[in-house]
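Reader: I am new to this structure and would like to go through it step by step. Could you show it to me before I begin to ask?

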Amino acid sequence: MTAPRLVTVAHGTRHAPGNEVARQVTERAGELLGISATTSFVELAAPLLRTVMTASYGPTVVVPLLLSTGHHVRHDLPAMAALSPRSVEITPALGPHPLLAAAQAARLIAAGARPGQPVVLVAAGSTDPAADDDLARAAELLSRTWAGPVTVATLSGRGRRPAEVVRRGSVVSPYLLADGHFAGRAATESRAAGAGVVADVIGAHRFVAELVARRYLAWAATSSRPATVSVA
(Lines give C-alpha, C1' and ligand atoms only; values in the text may rest on other atoms or scores of the structure.)
Protein backbone atom coordinates (compact mmCIF):
# COMPACT_ATOMS: atom_id res chain seq x y z
CA MET A 1 0.00 0.00 0.00
CA THR A 2 1.42 3.38 -1.02
CA ALA A 3 1.96 5.80 1.86
CA PRO A 4 -0.32 8.85 1.80
CA ARG A 5 1.33 12.03 0.65
CA LEU A 6 2.15 14.72 3.20
CA VAL A 7 0.75 18.21 2.67
CA THR A 8 1.59 20.94 5.14
CA VAL A 9 -0.42 24.14 5.34
CA ALA A 10 0.89 27.40 6.78
CA HIS A 11 -1.05 30.64 7.08
CA GLY A 12 1.00 32.44 4.44
CA THR A 13 2.52 35.90 4.45
CA ARG A 14 3.50 38.59 1.94
CA HIS A 15 6.98 38.38 3.51
CA ALA A 16 8.66 35.82 1.24
CA PRO A 17 11.27 34.58 3.78
CA GLY A 18 8.42 33.69 6.14
CA ASN A 19 6.90 31.37 3.54
CA GLU A 20 10.31 29.82 2.95
CA VAL A 21 10.31 28.59 6.56
CA ALA A 22 7.23 26.49 5.80
CA ARG A 23 8.89 25.06 2.71
CA GLN A 24 12.08 24.18 4.60
CA VAL A 25 10.15 22.47 7.40
CA THR A 26 8.09 20.50 4.89
CA GLU A 27 11.09 19.40 2.86
CA ARG A 28 12.90 18.21 5.98
CA ALA A 29 9.83 16.36 7.27
CA GLY A 30 9.47 14.62 3.92
CA GLU A 31 13.11 13.58 4.08
CA LEU A 32 12.65 12.20 7.59
CA LEU A 33 9.63 10.20 6.47
CA GLY A 34 10.97 9.23 3.07
CA ILE A 35 7.76 10.34 1.32
CA SER A 36 6.51 13.05 -1.00
CA ALA A 37 5.75 16.33 0.77
CA THR A 38 4.02 19.46 -0.50
CA THR A 39 3.83 22.89 1.12
CA SER A 40 0.61 24.90 0.88
CA PHE A 41 -0.91 28.03 2.41
CA VAL A 42 -4.25 29.27 3.65
CA GLU A 43 -3.78 32.64 1.95
CA LEU A 44 -1.25 35.23 0.71
CA ALA A 45 1.12 32.69 -0.86
CA ALA A 46 1.07 29.93 -3.45
CA PRO A 47 0.08 27.21 -3.73
CA LEU A 48 -3.11 27.60 -1.73
CA LEU A 49 -4.36 24.51 0.10
CA ARG A 50 -7.63 24.65 -1.83
CA THR A 51 -5.65 24.44 -5.09
CA VAL A 52 -3.58 21.49 -3.87
CA MET A 53 -6.72 19.69 -2.68
CA THR A 54 -8.47 19.91 -6.02
CA ALA A 55 -5.62 18.05 -7.75
CA SER A 56 -6.42 14.37 -8.20
CA TYR A 57 -3.85 12.56 -6.07
CA GLY A 58 -4.07 9.65 -3.68
CA PRO A 59 -4.85 9.73 0.06
CA THR A 60 -3.37 12.73 1.84
CA VAL A 61 -2.39 13.72 5.37
CA VAL A 62 -2.59 17.48 5.97
CA VAL A 63 -0.44 18.81 8.82
CA PRO A 64 -1.24 22.42 9.79
CA LEU A 65 1.88 24.52 10.43
CA LEU A 66 -0.19 26.49 12.93
CA LEU A 67 0.66 26.79 16.61
CA SER A 68 -2.82 26.86 18.15
CA THR A 69 -6.35 25.67 17.56
CA GLY A 70 -8.51 28.34 15.98
CA HIS A 71 -10.84 29.21 13.14
CA HIS A 72 -8.44 28.06 10.43
CA VAL A 73 -7.93 24.62 11.99
CA ARG A 74 -11.55 24.01 12.93
CA HIS A 75 -13.32 25.54 9.92
CA ASP A 76 -11.19 26.73 6.98
CA LEU A 77 -8.95 23.68 6.60
CA PRO A 78 -11.76 21.09 6.66
CA ALA A 79 -13.68 23.13 4.08
CA MET A 80 -10.64 23.24 1.79
CA ALA A 81 -9.85 19.57 2.34
CA ALA A 82 -13.39 18.67 1.31
CA LEU A 83 -12.49 19.82 -2.21
CA SER A 84 -10.25 16.78 -2.64
CA PRO A 85 -11.61 13.87 -4.67
CA ARG A 86 -9.65 11.46 -2.44
CA SER A 87 -9.46 10.75 1.29
CA VAL A 88 -7.89 13.45 3.45
CA GLU A 89 -6.92 13.42 7.11
CA ILE A 90 -6.13 16.67 8.94
CA THR A 91 -3.89 16.28 11.98
CA PRO A 92 -4.02 18.60 15.00
CA ALA A 93 -2.16 21.91 14.90
CA LEU A 94 1.53 21.76 15.79
CA GLY A 95 1.16 23.47 19.13
CA PRO A 96 1.30 23.28 21.97
CA HIS A 97 4.04 20.64 22.15
CA PRO A 98 7.28 20.04 24.10
CA LEU A 99 9.31 20.07 20.88
CA LEU A 100 8.16 23.62 20.15
CA ALA A 101 9.10 24.62 23.69
CA ALA A 102 12.54 23.11 23.18
CA ALA A 103 12.95 25.06 19.94
CA GLN A 104 11.90 28.28 21.72
CA ALA A 105 14.44 27.62 24.47
CA ALA A 106 17.16 27.19 21.85
CA ARG A 107 16.21 30.52 20.27
CA LEU A 108 16.27 32.23 23.66
CA ILE A 109 19.76 30.95 24.44
CA ALA A 110 20.97 32.01 20.98
CA ALA A 111 19.63 35.52 21.70
CA GLY A 112 21.61 35.74 24.92
CA ALA A 113 18.98 34.88 27.53
CA ARG A 114 19.90 32.81 30.56
CA PRO A 115 17.87 29.70 31.45
CA GLY A 116 15.56 30.46 34.35
CA GLN A 117 15.03 34.12 33.52
CA PRO A 118 11.36 35.19 33.45
CA VAL A 119 10.03 35.07 29.89
CA VAL A 120 7.12 36.70 28.10
CA LEU A 121 5.70 34.44 25.40
CA VAL A 122 4.25 36.70 22.69
CA ALA A 123 1.71 35.04 20.38
CA ALA A 124 -0.26 36.31 17.41
CA GLY A 125 -3.51 35.83 19.32
CA SER A 126 -6.99 34.70 18.33
CA THR A 127 -10.63 35.60 18.92
CA ASP A 128 -11.37 31.89 19.36
CA PRO A 129 -11.65 30.98 23.08
CA ALA A 130 -10.23 27.53 22.25
CA ALA A 131 -6.85 29.18 21.66
CA ASP A 132 -6.66 30.35 25.28
CA ASP A 133 -6.00 26.87 26.63
CA ASP A 134 -3.44 26.22 23.90
CA LEU A 135 -1.47 29.35 24.80
CA ALA A 136 -1.64 28.54 28.50
CA ARG A 137 -0.30 25.08 27.76
CA ALA A 138 2.44 26.46 25.51
CA ALA A 139 3.54 28.76 28.33
CA GLU A 140 3.52 25.85 30.78
CA LEU A 141 5.66 23.70 28.48
CA LEU A 142 8.16 26.51 27.92
CA SER A 143 8.29 27.16 31.65
CA ARG A 144 9.18 23.52 32.29
CA THR A 145 11.82 23.46 29.57
CA TRP A 146 13.26 26.83 30.52
CA ALA A 147 13.01 26.26 34.29
CA GLY A 148 11.61 29.74 34.79
CA PRO A 149 8.27 31.60 34.85
CA VAL A 150 6.52 32.35 31.54
CA THR A 151 3.77 34.93 31.01
CA VAL A 152 1.60 35.18 27.87
CA ALA A 153 0.95 38.28 25.76
CA THR A 154 -0.94 38.44 22.47
CA LEU A 155 -0.78 40.82 19.55
CA SER A 156 -4.45 40.54 18.57
CA GLY A 157 -7.67 38.90 19.65
CA ARG A 158 -8.03 37.81 23.24
CA GLY A 159 -5.49 38.41 26.00
CA ARG A 160 -3.12 41.11 27.23
CA ARG A 161 -0.84 43.02 24.87
CA PRO A 162 2.97 43.21 25.16
CA ALA A 163 2.71 46.77 26.51
CA GLU A 164 0.72 45.37 29.46
CA VAL A 165 3.05 42.44 30.19
CA VAL A 166 6.59 43.25 29.07
CA ARG A 167 8.72 45.17 31.57
CA ARG A 168 12.10 46.83 31.27
CA GLY A 169 14.70 44.11 30.85
CA SER A 170 12.14 41.40 30.05
CA VAL A 171 13.09 38.39 27.95
CA VAL A 172 10.64 37.78 25.08
CA SER A 173 10.02 34.58 23.14
CA PRO A 174 7.85 35.08 20.03
CA TYR A 175 5.47 32.12 19.75
CA LEU A 176 5.51 32.44 15.98
CA LEU A 177 6.74 30.05 13.34
CA ALA A 178 8.11 32.55 10.82
CA ASP A 179 9.03 36.15 10.15
CA GLY A 180 6.29 38.41 8.85
CA HIS A 181 3.76 40.97 10.06
CA PHE A 182 3.28 39.53 13.54
CA ALA A 183 6.97 38.83 14.09
CA GLY A 184 7.75 42.45 13.28
CA ARG A 185 5.07 43.65 15.68
CA ALA A 186 6.23 41.29 18.43
CA ALA A 187 9.76 42.70 18.27
CA THR A 188 8.74 46.34 17.90
CA GLU A 189 6.09 46.35 20.65
CA SER A 190 8.23 44.31 23.05
CA ARG A 191 11.24 46.58 22.65
CA ALA A 192 9.02 49.66 23.00
CA ALA A 193 7.85 48.23 26.32
CA GLY A 194 11.46 47.84 27.48
CA ALA A 195 12.37 44.24 26.59
CA GLY A 196 16.06 43.53 27.02
CA VAL A 197 16.12 40.38 24.86
CA VAL A 198 13.78 39.45 22.01
CA ALA A 199 14.51 35.98 20.68
CA ASP A 200 14.05 34.95 17.06
CA VAL A 201 10.88 33.21 15.89
CA ILE A 202 10.80 29.42 16.12
CA GLY A 203 11.67 29.16 12.43
CA ALA A 204 12.77 26.07 10.52
CA HIS A 205 14.23 24.41 13.61
CA ARG A 206 14.87 20.69 13.26
CA PHE A 207 12.42 20.04 16.10
CA VAL A 208 9.61 21.54 14.01
CA ALA A 209 10.28 19.15 11.14
CA GLU A 210 10.44 16.28 13.63
CA LEU A 211 7.07 17.31 15.03
CA VAL A 212 5.51 17.39 11.56
CA ALA A 213 6.84 13.89 10.95
CA ARG A 214 5.41 12.73 14.28
CA ARG A 215 2.01 14.18 13.42
CA TYR A 216 2.04 12.24 10.14
CA LEU A 217 3.19 8.99 11.74
CA ALA A 218 0.61 9.22 14.54
CA TRP A 219 -2.08 9.25 11.86
CA ALA A 220 -0.47 6.47 9.83
CA ALA A 221 -0.11 4.21 12.87
CA THR A 222 -3.83 4.28 13.69
CA SER A 223 -5.48 4.79 10.31
CA SER A 224 -7.74 2.09 8.94
CA ARG A 225 -10.51 4.50 8.04
CA PRO A 226 -12.60 4.65 4.87
CA ALA A 227 -12.23 7.61 2.54
CA THR A 228 -13.26 10.72 4.41
CA VAL A 229 -12.30 14.22 5.38
CA SER A 230 -11.74 14.56 9.12
CA VAL A 231 -9.77 16.40 11.74
CA ALA A 232 -7.65 14.03 13.87
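Reader: Which backbone nitrogen does the side chain of His205 reach?

Author: This is a predicted model, and in it His205 is placed in the loop between strand S8 (197–198) and helix H8 (206–222). From that loop, the side chain of His205 comes to 3.0 Å from a backbone nitrogen, and the residue that carries this nitrogen is Phe207.

Reader: Is His205 buried or exposed?

Author: Leaving aside neighbours within four places in sequence, His205 is in contact with Ala103, Ala106 and Arg107. A residue is called buried when its relative accessible area is under 20%. Because the relative accessible area of His205 is 13%, this residue counts as buried.

Reader: What is the order of the strands in the open sheet of 4 strands?

Author: Strands of a sheet pair through backbone hydrogen bonds, either parallel or antiparallel. In this sheet the pairing is parallel, and strand S6 (150–154) and S8 are the edge strands, each of them pairing on one side only. Read across the open sheet, the order is S6-S5-S7-S8.

Reader: How many bridges join strand S5 to strand S7?

Author: Strand S5 covers residues 119–123 and strand S7 covers residues 171–175, and the two run parallel. Val120 has Val172 as its bridge partner in S7, while Val122 is partnered there by Pro174. Counted over the pair of strands, the bridges between S5 and S7 number 5.

Reader: Which residue of S8 is the bridge partner of Val171?

Author: S7 also pairs with S8, again in the parallel sense, and this pairing extends over 2 bridges. For Val171, the bridge partner in S8 is Val197.

Reader: How many of the residues of S7 are buried?

Author: In a regular strand the side chains alternate between the two faces of the sheet. In S7, Val171, Ser173 and Tyr175 lie on one side and Val172 and Pro174 on the other, and both faces are covered, with all of these residues buried. The number of buried residues in S7 is therefore, by the cut-off of under 20% relative accessible area, 5 of 5.

Reader: Which helix supplies the largest share of the lining of the largest pocket?

Author: The largest pocket holds about 940 Å³ of space, and 41 residues line it, with His11, Leu66, Ala124, Leu176 and Phe182 nearest its centre. Helix H1 (16–33), helix H3 (71–81), helix H5 (130–146) and helix H7 (181–192) each supply at least two residues of this lining. The largest share is 4 residues, and the helix that gives them is H1.

Key:
Residues are numbered from 1 along each chain as its sequence is written. This is a predicted model: local features need pLDDT of at least 70, side-chain atom pairs count only at pLDDT 80 or more; totals for chains, interfaces and linings use all residues. Side-chain values use heavy atoms; hydrogens and water are left out. Buried means under 20% relative accessible area, exposed over 50%, partly exposed in between (1.4 Å probe, protein chains only). A polar contact is a pair of N or O atoms within 3.5 Å; within protein, one must be able to donate a hydrogen and the other to accept it, and residues adjacent in sequence count only if both atoms are side-chain atoms. Contact means heavy atoms within 4.5 Å. On a 1 Å grid over the protein atoms alone, a cavity is a set of points where a 1.4 Å probe fits but cannot get out, and a pocket is an open set with protein on both sides within 12 Å along at least five of seven lines; lining residues have an atom within 4 Å of a point. Grid points are joined across faces, edges and corners, and a volume is the space filled by probe spheres set on the points. Two strands pair if DSSP finds at least two bridges between them.
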